[in-house]
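Hello,

Here is the structure you will be working with. My notes on it follow below.

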Amino acid sequence: MSQPLPSPDRWIVFTDLDGTLLDHHSYRWDAAAPALRRLTAQGMPVVPNSSKTLAELAALVTELDLPWPVVAENGSVVAWPAGRADATHELGGRRWRVQFLGRPRADILATLAALRAVRGWRFRGFADMTPAEIAALTGLDEAAAARAAERLASEPLLWEDGATEPAALSEALAATGLQLTRGGRFWHAMGRTSKAAAMTAVAAALGRDFAIALGDGPNDAEMLAAADVAIIVHNPEGNPPELPPEPGQRRLHTRAVGPAGWAEAMDILLDTASEGESHG
Ligand SMILES: [Mg+2]
């Protein structure tokens, strides 16, 4: 932190959820609540940036009482808190205006169906599965599985055609302007976007030019690498994100785990900024 931090009215915070803002096991965020209140008191945007669906995120951001947009489905969707006049989705007791950074799911499903018909590949997506099947595969209960299946702009799929890597499907999707990314158990067919691309788009839309990103795992690496401050939240149970050297980027590794690490890092940044102001 050699360079002084810019004024906090230029900051915007992007955060992963599981293992970062939410405890890996209990999904609680109590330990981060005081730091979240500090940010809210300053009017600081805090934007969840997740692989989850809007249906999964909506109830959570209502509980967190965050008035900001959310990024869902790995950068494919940005959902903005909506005014009454907007054409909207109602989820989690709020209305949302949905912006597609990737491609609508109907386009993705049509492309997948055409490839399956022409190439004879065997794979199954959430659209081909019952909620009970999705629940069994993900370990979610059926209600949670239904929320995970309520997708707007990406399709998780299981490759069931023998080869370990669906390289041919990946190439075929790329030729149509889509991409195949690796999740945990599933592959994800989606438009050409990413958590990092969504971060840049939302920061620009909100007029903020200093992005702070928090994450705990390999699927956060791209978002962390693209931020001005990368906060790697300690996760003793997973692999850390691998970040290429980025001269000039501020990086902070938390000592505490999950939401306690989230609060530790945000308190350090806010304290550093207010010291800078009182000295300057
Ligand atoms: Mg995580």
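The domain assignment, taken from an automatic or database source, splits the protein chain into domain 1 (8–53 + 194–279) and domain 2 (105–191). Their C-alpha centres are 29 Å apart. This is a predicted model, in which local features need pLDDT of at least 70 and side-chain atom pairs count only at pLDDT 80 or more, while totals for chains, interfaces and linings use all residues. Residues are numbered from 1 along each chain as its sequence is written.

The protein chain has nine helices and 13 strands (DSSP runs numbered from the N terminus; helices are H or I with at least four residues, strands E with at least two). Buried residues make up 39% of its 280 residues (buried: 20 or more other C-beta atoms within 10 Å of the residue's own, C-beta atoms being placed from the backbone). The C-alpha atoms fill a box of roughly 65 × 45 × 35 Å along the principal axes.

Strands in the order 7-8-10-9 form an open, antiparallel sheet of four (two strands pair if DSSP finds at least two bridges between them). Its edge strands, 7 (123–125) and 9 (178–182), each pair on one side only. Strand 7 is joined to strand 8 (residues 154–159) by three bridges; Arg-124 has Leu-158 in strand 8 as its bridge partner.

Helix 3 (residues 105–119) packs on the sheet and touches strand 7, strand 8, strand 9 and strand 10 (187–191) (contact: C-beta atoms, placed from the backbone, within 7 Å).

Regards

Note on methods:
Two residues are in contact if their C-beta atoms, placed from the backbone, lie within 7 Å. Axes are lines fitted to C-alpha atoms, for helices over the stretch in contact, and angles run from 0 to 180 degrees between N-to-C directions. A residue is buried if 20 or more other C-beta atoms lie within 10 Å of its own, exposed if 12 or fewer, and partly exposed in between; C-beta atoms are placed from the backbone.
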